[in-house]
Amino acid sequence: MKNRNNTDFAQNQLLFPVAHKLASDPSSPVEGQFYYHTGKQLIYVYTGTVWVPCGWSTHEHPISDITNLQSVLDNKTPYGHTHYLRDIVDWEEGIAPLQHTHPISDIFDLQLSLDSKASSSHSHVISSITGLQTALDGKSVLGHGHAISDIATLQTTLDSKSDKGHGHAISDVTGLQASLDAKAAASHSHAISDVTNLQSSLNAKLDKSGGAMAGAFVAYAHGTATNFEVVNVAYGTGSTPPSGPSEGCIYIQYT
């Protein structure tokens with residue numbers, strides 16, 4: 001129902017009224033019109049130019065809007081100031097010692113808070129903890145065991161494995177026989193002719209029992225090769241030198 005005239009309640013109460021609920025400002029408002037903003041949960045009043053929230057806690061005023069505020073502030077000490085201890089009269093009165101204690105009753109609601117707490121060392125029965133018994137019932141016993149059949153596909157997996165310590169025939173290993181056939185036995189020997197140039201190298205050596213050596217004898221003195229010709233070397237077995245010696249012949253005399 002729309003009332004197009006003013007209503008005079010003759011100073012009677014308007015009981016249980018509810019402001020008009022809107023999600024945004026109503027259009028074509030008049031001064032004094034108000035509504036309840038459902039999104040911001042505030043009542044807004046139209047001043048004739050703007051909508052103003054009632055009880056808006058974030059509005060601001062300049063200092064000059066508040067009577068005598070500037071003069072009161074001028075008599076205040078700046079924020080963050082300090083004092084010497086001597087500047088404070090009777091500072092020791094009412095000050096608690098550095099090391100002091102309080103009974104529980106001195107602290108508001110401390111006893112009530114402590115009464116709602118558990119002791120430092122306490123325990124619980126399983127039924128005191130919501131859902132604990134159900135959780136435990138879903139667990140296995142400590143130290144439990146399983147049959148192979150209890151574990152999905154375990155038997156199939158084991159069947160595809162070789163036994164521990166198993167062996168193989170040579171034929172089980174691809175290419176092994178061919179590789180072994182190409183190897184020499186662990187204990188084997190060779191003829192001289194099996195070794196390239198071995199015979200020619202041996203032929204160039206003196207026999208262990210001695211032999212004739214042609215050409216100059218090369219000796220090294222202080223790292224430099226020097227040719228020495230050694231001829232008619234003889235040695236004696238007594239006190240008589242060898243007969244018919246030539247120049248440069250030496251012998252060793254045993255006495």
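The legends below describe several views of a predicted model.

**View 1. The whole chain, with its helices and strands.** In this predicted model, the chain contains 6 helices and 6 strands. Read from the N terminus on, these elements follow one another as β-β-β-β-α-α-α-α-α-α-β-β, an order to keep in mind when moving to the closer views.

**View 2. The surface and contacts of the chain.** Of the 255 residues of the chain, 4% count as buried, and the accessible surface comes to about 24000 Å², with 55% of that area belonging to carbon and sulfur atoms. Among the contacts in the chain with a separation of 6 or more, 2% are accounted for by residues 24 or more positions apart.

**View 3. The open sheet and its edges.** An open sheet is formed by 4 strands in the order 1-2-3-4, and the pairing within this sheet is mixed. Its edge strands are strand 1 (21-22) and strand 4 (51-53), each of which pairs on one side only. Strands of a sheet pair through backbone hydrogen bonds, and they do this in either a parallel or an antiparallel way.

**View 4. Strand 3 beside strand 4.** Strand 3 (residues 42-46) runs antiparallel to strand 4, and the two are joined by 3 bridges. For tyrosine 44, the bridge partner in strand 4 is proline 53.

**View 5. Confidence along the chain.** The pLDDT of the chain averages 82, and 81% of the residues score at least 70. Confidence is highest in strand 1, at a mean of 96, and lowest in strand 6 (residues 224-228), at a mean of 53. Over residues 231-237 the pLDDT is below 50, and this stretch has 16 contacts in the model beyond near neighbours in sequence.

How values were computed
Residues are numbered from 1 along each chain as its sequence is written. This is a predicted model: local features need pLDDT of at least 70, side-chain atom pairs count only at pLDDT 80 or more; totals for chains, interfaces and linings use all residues. Side-chain values use heavy atoms; hydrogens and water are left out. Buried means under 20% relative accessible area, exposed over 50%, partly exposed in between (1.4 Å probe, protein chains only). Contact means heavy atoms within 4.5 Å. Accessible areas come from the Shrake-Rupley method with a 1.4 Å probe; for residues, only the protein chains shown count as cover. Two strands pair if DSSP finds at least two bridges between them. pLDDT is the predictor's confidence in each residue, from 0 to 100.
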